[in-house]
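Hi,

Here is the structure I promised to pass on. Have a look at it first, and then read my notes below.

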Amino acid sequence: MTVPSGRQWPTILGLAVLTAVCAVVAGPIGAIAGVTTAVIWYGLGLPYAIAAGHVVLAAGTDIGIAAIVAVELGFLAVVLASLVGHPSSRPAAGVALVSAVGLIGAALLVSTFYALWLAAAIVLGGIALGAYGLHRYELVRLGLVADDNPAEYPSHDD
Amino acid sequence: MFPTRRLWATLALAAFLAVLAVATADVLLLGGAALVGVWVLVRQYRFVHAVTETSETLAIEQSVAHSSARTGASVPLTLAATRDTATHLELTVEAGLPTGATVDADDPVAITLEPGETQAQLTADVDWPVAGTHRFDEATVTVSDGFARETLTVGDAPTVTVEPRAPRTIHVGEGGDRTTAYGDHNAGRLGSGLEPAELREYVPSDKADRIDWHATARLATLHVREYESETDNRTMLVVDHRSVLATGPTGETKLDYLRDVVLALVANARRLGDPTGLITVGDEGITFRLEPATTPTNYARIRRQLLDLESTDEPGSPRSTTQLADRLTADDALAKRTALEGDRDPFATTLQPFYARRDGYRERIKSEPLYAGVRTAQRYMTETGMTVIVTDDQNPAELRETVQLARRNTGAVLVLLAPTVLYESGTLADAERAYERYVEFEQLRRDLSRLSGVTALEVGPQDRLETVLSAGRTRARGGTA
């Protein structure tokens, strides 16, 4: 077992906070979910850790909207902590906050007033739209966008 | 931006969580899907930022050692990549090789900058089998962080000009001195033609359509302009392309040098409107025959035939090369045999069989391809025409007899000779020996030039000839080459 690098300590701290939040919200099952998240993070990486933690929580407990919001904030804190020390951490954190508020907020709102499948479709659609938007942003920044504008005819001064 | 397998797997994970949320009616799992999506978007943003920063500081050098080369040559290509700061991105830089370039290795010419590295360089040999101007493409840079991949084109695009292997500076001359072998020929008389010659006053016997009205208006009296009379200088080219003419580097053989000179003669003949014909001679005999004519089609056909001409394969045992100084001329052999006829002493009786081979000698020469080619050319020639014999010095006996034959029915004979010593590889390593061989060749050439109506010229690479002559001058001064 290797010693975590300096960059990983903020993430470890975030996982500790997550475990504490889950334990408060969901009791022992929440603590197990937090520990599972930390273990999976160490072995497979953060996205799989997020998925594993949510599956354990969903399988072991049935919590309300307020508790779900608290748990999601805990996981978001882990995502933000993983950005500490990396280049462009601040704008990246901004992207994380905006996308989290949008996606999670939409999921909770739509699932409350409409069908869950619609909320799922909106979440997946939002992810796809965000990814495509960043792709186009990259093309513009790197100057890789093909010029489709036809040649302008010269204007004659009267 | 192209997603990698890892990114697709992560997106699939988010979709799985969303489907599971719907299946289990648990909005918590949908929150998990949303957070996985947040992680993907953040990762994507970080990749865009890193690629943009890297592209601004990345320096790619794609340079060749020489901007010109000959076909088949190998030119070193240097590919180098440098970035100001080390990032988590992995860069792979691939050279933008033109279509006409080839490399020995199976792998493309590419370098990799691992995460944390700031520079890398590679030098590889690039071969150029195709002539022309080849422009490199910009180097292709592939950037990846494991989840996404992007491809950019960066850097210089050098150009390499590849020239076909062909004769360089061609020397045509006598004994190392350059000469003009062929040019305008004066008819020596006035008449109708195209080149104006002189202006004279009108006499009653002149035709009215020959009056030069401009001169008449200028001089106030009737004047007629005379023109150079056109001539019919029939030229028959007999070009030897036997296997011995293949001596020399690829593209710079005896045949290549002689071909260039003959093409210039043909172009000049066309300009002058001289009827020109062609006979090519290979190891097995005549390989091509074209009667003299002045049509554009005829000149084009001659040119095409010369450009396509290649040395024939050597049949059976190679032809032996004898020393020029030891050859017995046909005239000498005949004189000696005549002197021995009727003499019955043992000494004459012993010698007679050797000179009796004179007839065999004649028959051997007559059967030689070049002799046969000139004999065929005689059918098309006139007394005012010119026979051009294009060959080398490998068979002096045949050459002497052939030139004698050409003199019989032709007004002039031009012999273009390629000295073997200037084309063989390694001969210049022993400069003194090379000079001696050149002297032998020069003796042959002068013997031919002394014949009435014959001009014999040497054709060879200027630089090699200068090397040989320099060795001769050094030897004359008493030094060693």
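**What I found**

In chain B, 72% of the contacts with a separation of 6 or more are between residues 24 or more positions apart. Keep in mind that this is a predicted model. Chain B has 12 helices and 22 strands, and 47% of its 481 residues count as buried.

Over in chain A, start with helix 1 and helix 2. Their axes are 6 Å apart and pack at an angle of about 160°, so the two helices of chain A are roughly antiparallel to each other. Their crossing is right-handed. Helix 1 of chain A brings residues including A:Leu15, A:Leu18, A:Cys22 and A:Ala26 to this contact, and helix 2 of chain A brings, among them, A:Pro28, A:Gly34, A:Val35 and A:Trp41. By type, the contact residues divide into 12 nonpolar, 5 polar and no charged.

Next, helix 4 of chain A, residues 65-81. At 1.5 Å a residue, its 17 residues should span 24 Å, and the end C-alpha atoms are indeed 24 Å apart, so the two values agree. Its buried residues include A:Ile68, A:Val71, A:Glu72, A:Phe75 and A:Val79. What do the buried residues of helix 4 of chain A pack against? In chain A, they meet helix 1 (9-26), helix 2 (28-44), helix 3 (46-60) and helix 5 (89-113), and they also pack against helix 2 (27-57) of chain B.

That same helix 2 of chain B also packs with helix 5 of chain A, at an angle of about 155° and with the axes 9 Å apart. This makes helix 5 of chain A roughly antiparallel to helix 2 of chain B, and their crossing is right-handed. On the chain A side, the residues that meet chain B include A:Pro91, A:Val95, A:Leu103 and A:Ser111; on the chain B side, B:Val27, B:Leu35, B:Tyr45 and B:Arg46 are among them. The residues of this contact divide into 17 nonpolar, 2 polar and 1 charged.

One last residue to click on is A:Ala106, which is found in helix 5 of chain A. At 21% relative accessibility, A:Ala106 counts as partly exposed, because buried means under 20%. Leaving aside neighbours within four places in sequence, A:Ala106 is in contact with A:Val101, A:Ser111 and A:Ile122. The C-alpha atoms of A:Ala106 and A:Ala119 are separated by 7.0 Å, with the two residues 13 apart along the chain.

Cheers

Note on methods. Residues numbered from 1 in each chain as written. Chains lettered and ligands numbered in written order. Predicted model: local features only at pLDDT ≥ 70, side-chain atom pairs only at ≥ 80, totals over all residues. Heavy atoms only, no water. Helix = DSSP H or I, 4+ residues; strand = E, 2+ residues; numbered from the N terminus. Expected span 1.5 Å × (residues − 1). Buried < 20%, exposed > 50% of the residue type's maximum accessible area, 1.4 Å probe, protein only. Contact = heavy atoms within 4.5 Å. Axes fitted to C-alpha atoms, helices over the stretch in contact; angles between N-to-C directions. Parallel < 35°, antiparallel > 145°, perpendicular 65-115°, else oblique. Left-handed = near helix turned anticlockwise from the far one by under 90°. Nonpolar A, V, L, I, M, F, W, Y, C, P; charged D, E, K, R; others polar.
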